[in-house]
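Here's a walk through one protein model, with an eye on what sits inside and which charged side chains pair up. Have the structure open as you read.

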Amino acid sequence: MRGLEEAPASPDLIHGCTTMFDNLTDRLTQSLKKIRGQGRLTEANIQDTLREVRMALLEADVALPVVKDFIEQVKNRAVGQEVQSSLSPGQSFIKIVNDELVSVMGNAHEKLNLATQPPAVILMAGLQGAGKTTSVAKLAKWLKDNERKSVVVVSADVYRPAAIDQLKTLAAEVGADFFPSDPSEKPLDIARAALEHTRKRYKDVLIIDTAGRLGVDEAMMAEIKELHRELKPIETLFVVDAMTGQDAANTAKAFGDALPLTGVILTKTDGDARGGAALSVRHITGTPIKFLGVGEKTAALERFHPDRIASRILGMGDMLSLIEQAERTIDKSKADKLAKKIQKGKAFNLIDYYDQLQQLKNMGGLSAMMDKLPGMGNVPQNIKEKVNDDEWQRQLIMIDSMTRKERLDPDLINTSRKERIARGSGSNLQEVNKMLKQFDQMQKMMKKLKGGNLMNMMRGAKGNMGRNMNFRGM
């Protein structure tokens, strides 16, 4: 519990409630509600719905050719379709929309290809400001944690010295081997030396960060083509900012025309993007999206699963991704220890509560989880906006301001102690009382669940989940 005794940490970056698919989800769920209860799917009774779906996709900045093909495919499949015995016509239509969303995004998750004589070289391309350097570190961490690979990272961006320093810092954070480079060197010389270094040390993967520009230009393309020709990377990943909408797909196509891209990393999907990039990139470029950047932290990288994203867009959530995220970020030993403690009848105290809050924070907070929870498409936006992860951070600081005795035995906390805790945490008495009330509710819940903490609840959910989506709930 050393962290509890230290000075309160500065508040972490908190993600807003708006995610890449919020607006699209709201529009589509409202549009699809109108077709429920129909006796048969005909051109007449789906025409209005298709018009609204089309508008929703265009407003989400999905490229026009993608929208046209999508609507045509849905219409062809829906009109005259016999009602399935297990589903109502409206639910059949929703399933068709879901299937076509999956199709336009690539049908299945495409894994990284590392099937080569080590080291596997991964070349990262993209425009300046897309989050390329951060994505290098995120990918290094993902490979270490999920594939158990040893990773070397190097920056060949000689035009922006800050990029080299940034990658050095991030590499240390994620535990990757950083190969130093200098702005005075040529990118090709840097890459060759890094590859030789990686071979000599028998590392599994080399990730090369390349220079970005504000726009596509000849010099940039010539340089990255030369790197590709020399290094023969097994993966050439294009990093693109989701906030740029359908322009992301057009930029990816420009790179794809010059390089044999193998995949796309879509960044900043936790921001106020409209979803158009995710729905346009595969269709326009033929290149699969392999990862989503979902936050600032180095652990904020998710594999791109078209079926899960389609489910999220239609407001049905994405529990599998949420569970996988929990398994990656939650301290399993602490979770098991707490479960055993509660099962033995021992009290859930403020130290335990602190750990639960910390684990929730490590998952990105409630706001980052909201779009993955089933049914969120039916929750009004004004309710979603009331979710404030700053409150969890303030509660952590309040507990930091307590003595160890108070954390172990919350009954000791009388009014004078509450006032001292409020002063020490920069809060007020009302906020301390609110935090203690929420702790009391959590304590009662833990007693009922017999130690079913966050990790165990996630494990149980995963065990009960089938692979196929259930459209009855829609």
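What follows covers a central strand, the nonpolar cores and the salt bridges of this predicted model.

## Strand β1, shut in on both sides

Let's start with strand β1, residues 120-126. Seven of its seven residues are buried, so the strand is largely enclosed by the rest of the structure. In a regular strand, side chains alternate between the two faces of the sheet. Here both faces are covered. On one side you'll find A120, I122, M124 and G126, on the other V121, L123 and A125, and every one of these is buried.

β1 also has strand partners. With strand β4 (residues 205-209) it pairs in the parallel sense, over five bridges. If you want a spot to look at, L123 has I208 as its bridge partner in β4. Strand β5 (residues 235-241) pairs with β1 as well, again parallel and over five bridges. There, G126 is matched with V239 of β5.

## The nonpolar cores

The largest nonpolar core holds 67 residues, and the members that touch the most others are L101, M105, I208 and L279. Helix α5 (residues 89-105) gives this core its largest share, eight residues. I208 is a name you've already met, as the β4 bridge partner of L123.

What does L279 contact, once its neighbours within four places in sequence are left aside? The list is L24, L57, V62, V66, L101, V104, M105 and I313. Two of the names there, L101 and M105, are also among the residues touching the most other core members.

Apart from this core lies another one, made of 29 residues. Its members include A140, W142, V205 and I265.

## Salt bridges: a local one and two that link helices

A search of the whole structure turns up 13 salt bridges. Take D189 and R192, whose side chains meet at 3.7 Å, N to O. Why are these two well placed to pair? They are three residues apart in helix α8 (residues 187-200), so about one helical turn separates them. D189 is partly exposed, at 38% relative accessible area, and R192 is also partly exposed, at 38%.

R394 and E431 make another salt bridge, with 3.9 Å between the closest N and O atoms. R394 is in helix α18 (residues 390-400) and E431 is in helix α21 (residues 429-449), so this pair ties together parts that are 37 residues apart in sequence. Both ends count as partly exposed: R394 has 35% relative accessibility, and E431 has 27%.

## A buried partner, and a small network

Now for E406 and R420, whose closest N and O atoms are 2.8 Å apart in a salt bridge. E406 belongs to helix α19 (residues 404-408) and R420 to helix α20 (residues 415-425), so the bridge ties together parts 14 residues apart in sequence. Is E406 buried or exposed? It's buried, at 0% relative accessibility. Its partner R420 is partly exposed, with a relative accessible area of 30%.

Some charged residues join up beyond a single pair. R77, D99 and E100 form one network through salt bridges that share partners.

Terms used
Residues numbered from 1 in each chain as written. Predicted model: local features only at pLDDT ≥ 70, side-chain atom pairs only at ≥ 80, totals over all residues. Heavy atoms only, no water. Salt bridge = Lys/Arg side-chain N within 4 Å of Asp/Glu carboxyl O. Helix = DSSP H or I, 4+ residues; strand = E, 2+ residues; numbered from the N terminus. Buried < 20%, exposed > 50% of the residue type's maximum accessible area, 1.4 Å probe, protein only. Core = buried A, V, L, I, M, F, W, Y, C linked by side-chain atoms within 4.5 Å. Contact = heavy atoms within 4.5 Å. Pairing = 2+ DSSP bridges.
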